[in-house]
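Q: Could you take me through one part of this model at an easy pace? I'm in my first year, so please go step by step.

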Amino acid sequence: MNVRTLCLAILGCGDSTGYEIRKLVTDGHFSHFVDASFGSIYPALTRMESEELVVSREEQQDGKPNRKVYSVTDAGREEFLAALSKPAQKDIFKSEFLLLAMCAELMRPEDVRSAIDLQIEYLNSELEIIETAMRSVDLKGRDWVGDYGRTCLTTSLNYILENRTELEAIAGTSLRPESPLMAAE
């Protein structure tokens, strides 16, 4: 799925500005699907407008510049549905935390503890995002998606909470004088 399809999905839920779309993609209920930046959203909206997949209107604001609000057209809805009928790309999972965990033996114990605490905080904040998002989306699949996301995050969180002492025990073991990495110096 690409930025174009993501914009059409968001506009299918209601009219939005480019800024609102970006907000939904970064910390809103569309933040778990596709990464998109202002640098990719606005060109996609411009192209889709020239292809008549979306239309825009200017709205005046008191004391601020006018804002451009986008709406999806029937042709845009058709393109979105066509995009949904294509097989989904495989999920992408990348985690800097897991790299830190893999290299815990090279880290100071206090840094490993801090990394674990920050990951726990992050997972809890992601769970909060899901709870908020599920209240603001009016699609029938939202509960299933919310349950799926909650399950993935809760499983990760529980694993860390139940096994953090194992990772903490590894921390710094290659920093000790008897370690092969330290002996090479």
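I'd like a close look at how α1 and α4 lie relative to each other, and then at the sheet and the core around them: which orientation do the two helices take?

A: Happy to. Keep in mind that this is a predicted model.

Let's begin with your two helices. α1 and α4, the latter spanning residues 74-84, pack with an angle of about 120 degrees between them. Angles of 65 to 115 degrees count as roughly perpendicular and those over 145 as roughly antiparallel, so α1 and α4 are oblique to each other. Their axes are 9 Å apart, and the crossing is left-handed. You can find the meeting place by looking for Arg4, Thr5, Leu8 and Ala9 on the α1 side. On the α4 side, the residues they meet are Gly76, Glu79, Phe80 and Ala83.

Now for the core. α1 (3-13) also belongs to the group of elements that give two or more residues each to the largest nonpolar core, together with α2 (18-27), α3 and β3. That core holds 21 residues, and α1 gives the most to it, with 7 residues. Leu6, Cys7, Leu11, Ile21, Ile41, Leu45 and Met48 are the ones with the most contacts inside this core. Take Ile21 as an example: leaving out residues up to four places away in sequence, it touches Cys7, Ile10, Leu11, Ser16, Ile41 and Leu45. Apart from this core lies another one, made of 17 residues, including Phe97, Ala133, Ile160 and Leu167.

One of the residues that Ile21 touches, Ser16, leads us to the sheet. Ser16 sits in strand β1, and its relative accessibility is 7%; the limit for buried is under 20%, so Ser16 counts as buried. Besides Ile21, Ser16 touches Ile10, Leu11, Lys68, Val69 and Tyr70, again not counting residues up to four places away in sequence. Of these, Tyr70 is its bridge partner in β3.

Let's widen the view to the whole sheet. In general, the strands of a sheet pair through backbone hydrogen bonds, in either a parallel or an antiparallel way. Here there are 3 strands in an open sheet, in the order β1-β3-β2, and the pairing is antiparallel. β1 (16-17) and β2 (54-61) are at the edges, each with a single partner strand, so one side of each has no neighbour in the sheet. β1 pairs with β3 (residues 64-72) over 2 bridges, while β2 and β3 pair over 7 bridges. In that second pairing, Val55 stands opposite Ser71 in β3. The hairpin of β2 and β3 has 2 residues between the strands, and Gly63 takes a positive phi near 70 degrees there.

Across β2 and β3 lies helix α3 (residues 38-50), which runs at about 120 degrees to β2. Ala44 is in this helix. With a relative accessible area of 2%, under the 20% limit, Ala44 is buried. Looking beyond its neighbours within four places in sequence, Ala44 is in contact with Val3 and Arg4. Arg4 is a residue you have already met, as it is among those in α1 that meet α4. For a sense of scale, the C-alpha atoms of Ala44 and Asp147 are separated by 31 Å, and the two residues are 103 apart along the chain.

Next, follow the chain into the loop between α3 and β2, where you will find Glu52. Its relative accessibility is 60%, and exposed means over 50%, so Glu52 counts as exposed. As a general rule, most residues other than glycine have a negative phi. Glu52 has a positive phi, near 60 degrees, although it is a residue other than glycine.

Finally, compare Arg22, which is found in helix α2. Arg22 has a relative accessible area of 21%, and values between 20% and 50% count as partly exposed, so that is the label it gets. Arg22 touches Ala36, Ser37, Phe38 and Ile41, not counting residues up to four places away in sequence. Ile41 should look familiar, as it is one of the residues with the most contacts inside the largest nonpolar core. Arg22 and Glu52 are 30 residues apart in sequence, and their C-alpha atoms are 21 Å apart in space.

Notes: Residues are numbered from 1 along each chain as its sequence is written. This is a predicted model: local features need pLDDT of at least 70, side-chain atom pairs count only at pLDDT 80 or more; totals for chains, interfaces and linings use all residues. Side-chain values use heavy atoms; hydrogens and water are left out. Two strands pair if DSSP finds at least two bridges between them. Helices (H or I, at least four residues) and strands (E, at least two) are DSSP runs, numbered from the N terminus. Contact means heavy atoms within 4.5 Å. Axes are lines fitted to C-alpha atoms, for helices over the stretch in contact, and angles run from 0 to 180 degrees between N-to-C directions. A nonpolar core is a set of buried Ala, Val, Leu, Ile, Met, Phe, Trp, Tyr and Cys residues joined through side-chain atoms within 4.5 Å. Buried means under 20% relative accessible area, exposed over 50%, partly exposed in between (1.4 Å probe, protein chains only). Angles under 35 degrees count as roughly parallel, over 145 as roughly antiparallel, 65 to 115 as roughly perpendicular and the rest as oblique. A crossing is left-handed if the near helix is turned anticlockwise from the far one by less than a right angle, and right-handed if clockwise.
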